[in-house]
Structures are given as C-alpha cells and as structure tokens.
Amino acid sequence: MGNNIITAVFGRKKELQGPAIAKKIIIIEGMHCKSCKKRVEERLNQIDGALAKVDLKRNIAVVFMERMIPDMLLKHEIEKLGYQVRNIELKEV
C-alpha cells in the first residue's frame, strides 16, 4: 500500500503525509449501521498521522499510521463515541 493510502473524511479525501509504518486492527463492539461506521472513521481520521477505514461486517477498524499512535488514544476516541474496543492488534504494513 505504501504512500498511496487514501480515505474519505468529511466528504474530502484524506491521505497520509508520509509512508505508513504500521497498521492497527481494532475490534469494536456496538457498531450497527453506516452512521456508526462514518462516526468511527471520522473520529479516528482526526488523529494526526492516522488514516482509518471501518469494516462494518467484520466490526473492525483498520488504522494505517505514519507514526506510532498509542492504543489508549485510539481506544479513548472510539469509546467516547459509545462503542467498546475489544482488542487492538499491531500489524506490519
């Protein structure tokens, strides 16, 4: 994927400014619809150095990072929306 990771945020495209160094897979409970998906993506994409895509069917968010982002920050942002984070796993890109 490299430098070309792009997603839509607030109706605009968001792109990482540098190469993704890692990604985190976040298992989330409580998302039921497209609105839930959009809320989580928008919240995570507000984090500097993060680019998130939610897979509603699998109840996960995939967060590509151009810098390491602490699990607690990701968890906090998701749980502020009323969802539950069950697990966060670091993966290589």
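Q: Which residues have the most contacts inside the largest nonpolar core?
A: Ile26, Val40 and Leu44 do, in a core of 21 residues. A nonpolar core is a set of buried Ala, Val, Leu, Ile, Met, Phe, Trp, Tyr and Cys residues joined through side-chain atoms within 4.5 Å. Buried means under 20% relative accessible area, exposed is over 50%, and partly exposed sits in between (1.4 Å probe, protein chains only).

Q: What kind of model is this, and how are residues numbered?
A: This is a predicted model, where local features need pLDDT of at least 70, side-chain atom pairs count only at pLDDT 80 or more, and totals for chains, interfaces and linings use all residues. Residues are numbered from 1 along each chain as its sequence is written, and side-chain values use heavy atoms, leaving out hydrogens and water.

Q: OK, back to that core. Which helices and strands each supply at least two residues?
A: β3 (22–29), α1 (34–45), β4 (50–55), β5 (60–65), α2 (71–80) and β6 (84–91). Helices (H or I, at least four residues) and strands (E, at least two) are DSSP runs, numbered from the N terminus.

Q: And what does Leu44 touch?
A: Leaving aside residues up to four places away in sequence, Leu44 touches Ala50, Ala52, Ala61, Val63, Leu74 and Ile78. Contact means heavy atoms within 4.5 Å.

Q: What's in the second core?
A: That separate core has 7 residues, including Leu16, Ala20, Leu51 and Phe64.

Q: New topic: how many salt bridges are there?
A: The structure holds 10. A salt bridge is a side-chain nitrogen of Lys or Arg within 4 Å of a carboxyl oxygen of Asp or Glu. One of them joins Arg86 and Glu29, with the closest N and O atoms 2.9 Å apart.

Q: Where do Arg86 and Glu29 lie?
A: Arg86 is in strand β6 and Glu29 in strand β3, so the pair ties together parts 57 residues apart in sequence. Arg86 is partly exposed at 46%, and Glu29 is partly exposed at 39%.

Q: Which residues are linked in a network of salt bridges?
A: Lys37, Glu41 and Lys53.

Q: How do α1 and α2 cross?
A: Their axes come within 10 Å and cross at roughly 140 degrees. Axes are lines fitted to C-alpha atoms, for helices over the stretch in contact, with angles from 0 to 180 degrees between N-to-C directions. The two helices are therefore oblique to each other; angles under 35 degrees count as roughly parallel, over 145 as roughly antiparallel, 65 to 115 as roughly perpendicular and the rest as oblique.
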